[in-house]
Amino acid sequence: MHQTMRLPRANWLTEIIAAWGFIQRNYYLTKRYFMWEIVWFFYTTASAMSIGFIGVGVEETGKAPGGADLTTYLLIGAMLWSYLSMLFDILSETVSWERWEGTIEYTFMSPASRATHLIGTSIYAVIYGLIRAVVMFLIIALFFDLEVSGANYPAAFAILAICSVSLVGFGMCAAVMPLLSPEKGQQVTMIFGSTLLLISGVYYPVEVLPSWMQALAKVSPVTYALEGVRAALLDGAPLTSLWSSIWPLLIMGAVCIPLGLWVFHLGERYAKRTGRLKRSG
Amino acid sequence: MGEHNRYALQLVDVEKRFAKKRGEYVNALNGVSLEVGRGEVVGILGPNGSGKSTLVRVLSTLILPDKGEARIFGIDAIHNPRAAQRMMNRVSVEASFFKKLSAWENLLYGSKFYGVTSSEAKPKIQSILAGMGFDLKRSTEPMEHLSRGMQQKIALARALLTSPMLMLLDEPTTGLDPRSKKDVQAVVRRIREEHDASILLCTHDMDEAEQLCDRVGIIVDGRIVELDEPNALKRRYQVDGHLPNLEEVFMAATGSSFEEAEANEDEEVAA
């Protein structure tokens with residue numbers, strides 16, 4: 001057998017080859033998880049744009065809309081987004097998790113209806129999200145001098161409750177993605193969530209957005225929830241004066257829950273027809 | 001009792017194919033017909049990729065067949081799945097659980113999907129686990145700390161908690177060490193004796209099929225090519241007074257050894 005003798009290499013050259021190996025490995029990983037690269041790119045771009053729009057909002061008025069304290073305005077946005085995004089995420093993440101663990105088959109072969117399954121998961125998300133939001137609010141209030149002395153808390157909670165219904169519907173629609181493909185589905189839901197963050201006026205008024213984004217903001221329940229909750233907390237607005245936030249949320253809630261259940265049902269049937277429920281990963 | 005109700009399960013001419021690549025399909029089930037009587041244990045023997053798991057998934061309402069009927073105690077499981085789901089449960093080769101949760105937590109939440117409350121489930125869990133020789137102290141440990149054999153016992157307990165009239169066992173002992181395998185097989189025997197459940201057991205373990213089943217079917221390429229009592233199958237294929245074992249019956253019925261059939265199926269699945 002012919003064997004070639006390998007000449008001893010200088011240490012520095014061996015190290016360079018090894019370093020190249022690490023570069024090559026990470027290039028392969030980037031290629032393998034390219035969709036995640038797109039998701040993180042989208043997410044960081046959306047975050048950077050959000051910060052940019054905060055600046056535009058402050059430049060235009062010198063302070064937060066309606067003359068409110070800017071810190072309070074931003075923190076209310078952050079807390080609300082934390083709650084609303086959690087509602088949306090818990091549903092899709094739970095389905096994703098069930099797919100990874102393989103328990104989705106046991107959930108689907110049980111006699112519990114899909115409405116019970118999804119609404120049960122959503123009720124947990126609402127309870128957990130509300131407790132978390134209140135604790136977060138109390139902690140933030142310790143660190144910042146929030147201007148919420150005249151806040152109408154019951155009205156703010158009412159708006160949150162109404163908005164939760166439509167967010168649950170959105171979450172059901174999004175949850176169908178990880179049902180069909182755990183990894184790719186989760187990626188799509190992250191892009192969906194980032195878009196809601198960008199267009200709904202979490203940290204700035206939607207008026208500072210380009211007109212095409214403002215049009216999108218009109219179909220986001222988060223936009224109306226933020227308007228209503230900010231009016232209740234910053235101006236102490238009574239529930240009766242928040243009708244312009246309430247009616248779009250009621251309509252979206254009435255549409256989104258049945259729509260979410262229907263979309264999920266279609267996804268489930270497709271998964272059962274194509275044999276996609278089996279654990280992967 | 002109606003004609004349909006005589007059987008725990010009935011499959012009539014079930015077909016299922018899955019898309020592989022563009023324009024290519026794999027036929028997972030090719031006109032499968034099968035009946036399991038009440039209280040009967042029927043084994044389905046077949047190599048990997050022969051259609052056993054698809055068969056169980058169709059019965060479990062997790063896969064919609066392209067054609068055919070699936071009835072559970074006379075109920076149409078394809079068009080009325082929820083009524084059928086109440087009567088059965090399944091244990092698969094992968095003991096799928098939330099691995100970070102304890103066995104106890106997994107069992108408690110899972111039984112609620114079948115309408116069993118915590119107060120009803122708790123004594124039942126204790127009795128089922130004790131009956132399996134499962135150390136109850138370990139039931140509060142995360143599932144990921146338990147051995148595969150222990151996890152499989154918890155999977156059987158999860159199914160038993162819902163008092164199923166039909167148990168679908170999809171390779172419940174595959175990958176277990178010999179002792180765990182014997183333990184799980186003992187549990188299956190007890191399910192039959194004490195719980196009066198009908199059982200469909202898919203396996204590629206010939207001895208397991210022979211020991212546990214009243215009738216044994218052989219499935220290859222999505223077709224059931226034989227189905228009878230183990231001794232009747234052996235008599236059917238005896239040559240010159242030599243009574244074959246199930247391995248030899250498999251060879252005679254399919255024209256290839258179990259290993260060859262498995263290799264062929266694997267190649268087809270990979271292609």
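# Report on chains A and B

In strand β7(B), the residue that serves as the bridge partner of V91(B) is L169(B). The structure is a predicted model, in which local features need pLDDT of at least 70 and side-chain atom pairs count only at pLDDT 80 or more, while totals for chains, interfaces and linings use all residues. Residues are numbered from 1 along each chain as its sequence is written, and chains are lettered from A and ligands numbered from 1 in the order in which they are written.

**Strands of chain B**

Helices (H or I, at least four residues) and strands (E, at least two) are DSSP runs, numbered from the N terminus, and two strands pair if DSSP finds at least two bridges between them. Strand β6(B), residues 88-91, runs parallel to β7(B), residues 166-170, and four bridges join the two. A residue is called buried if 20 or more other C-beta atoms lie within 10 Å of its own, exposed if 12 or fewer do, and partly exposed in between, with C-beta atoms placed from the backbone. By that criterion β6(B) is covered on both faces, with M88(B) and R90(B) buried on one side and N89(B) and V91(B) buried on the other.

Elsewhere in chain B, four strands form an open sheet with antiparallel pairing in the order β2-β1-β4-β5. Because β2(B), residues 25-37, and β5(B) stand at the edges with a single partner strand each, one side of each is left without a neighbour in the sheet. Within this sheet, β1(B), residues 7-19, pairs with β4(B) in the antiparallel sense over five bridges, and V12(B) stands opposite E69(B) of β4(B).

**Individual residues of chain B**

F73(B) lies in the loop between β4(B), residues 67-72, and β5(B), residues 75-76, and it has a positive phi of about 45° although it is not a glycine. F73(B) counts as buried because it has 21 C-beta neighbours inside 10 Å. S163(B), in the loop between α5(B), residues 148-161, and β7(B), also has a positive phi of about 45° without being a glycine, but S163(B) is partly exposed, with 15 other C-beta atoms within 10 Å.

V58(B) belongs to helix α1(B), residues 52-59, and is buried, with 26 other C-beta atoms within 10 Å. Two residues are in contact if their C-beta atoms, placed from the backbone, lie within 7 Å. Leaving aside neighbours within four places in sequence, V58(B) is in contact with V14(B), K16(B), I63(B), P65(B) and A70(B). V58(B) and A77(B) are 19 residues apart in sequence, and their C-alpha atoms are 8.7 Å apart in space.

**Two helices of chain A**

The expected span of a helix is 1.5 Å times one less than its number of residues, and for the two helices below the distance between the end C-alpha atoms agrees with it.

| Helix | Residues | Expected span | End C-alpha atoms apart |
|---|---|---|---|
| α1(A) | 11-32 (22 residues) | 32 Å | 31 Å |
| α5(A) | 114-143 (30 residues) | 44 Å | 43 Å |

Helix α1(A) is hardly covered, since the count of buried residues among its 22 residues is zero. The buried residues of α5(A), by contrast, are L118(A), S122(A), A125(A) and G129(A), and what covers them includes α3(A), residues 70-101, α6(A), residues 153-180, and α10(A), residues 243-274.

**Nonpolar core**

A nonpolar core is a set of buried Ala, Val, Leu, Ile, Met, Phe, Trp, Tyr and Cys residues joined through C-beta atoms within 7 Å. The largest one has 138 residues, of which L84(A), I159(A), A225(A), V229(A) and L200(B) touch the most other members. Its largest share, 16 residues, comes from α6(A), and at least three residues come from each of domain 1 and domain 2 of chain B. Apart from neighbours within four places in sequence, I159(A) is in contact with A225(A), G228(A), V229(A), A232(A), L242(A) and S245(A).

**Domains and the chain contact**

Chain B is divided into domain 1 (4-87 + 166-183 + 198-270) and domain 2 (94-163), with bounds that come from an automatic or database domain assignment. The domain centres, taken over C-alpha atoms, are separated by 27 Å, and seven residues of domain 1 are in contact with seven residues of domain 2.

The contact between the chains takes 18 residues from chain A and 18 residues from chain B. On the side of chain A, α4(A), residues 104-108, and α10(A) each supply at least two residues, and the largest share, four residues, comes from α4(A).
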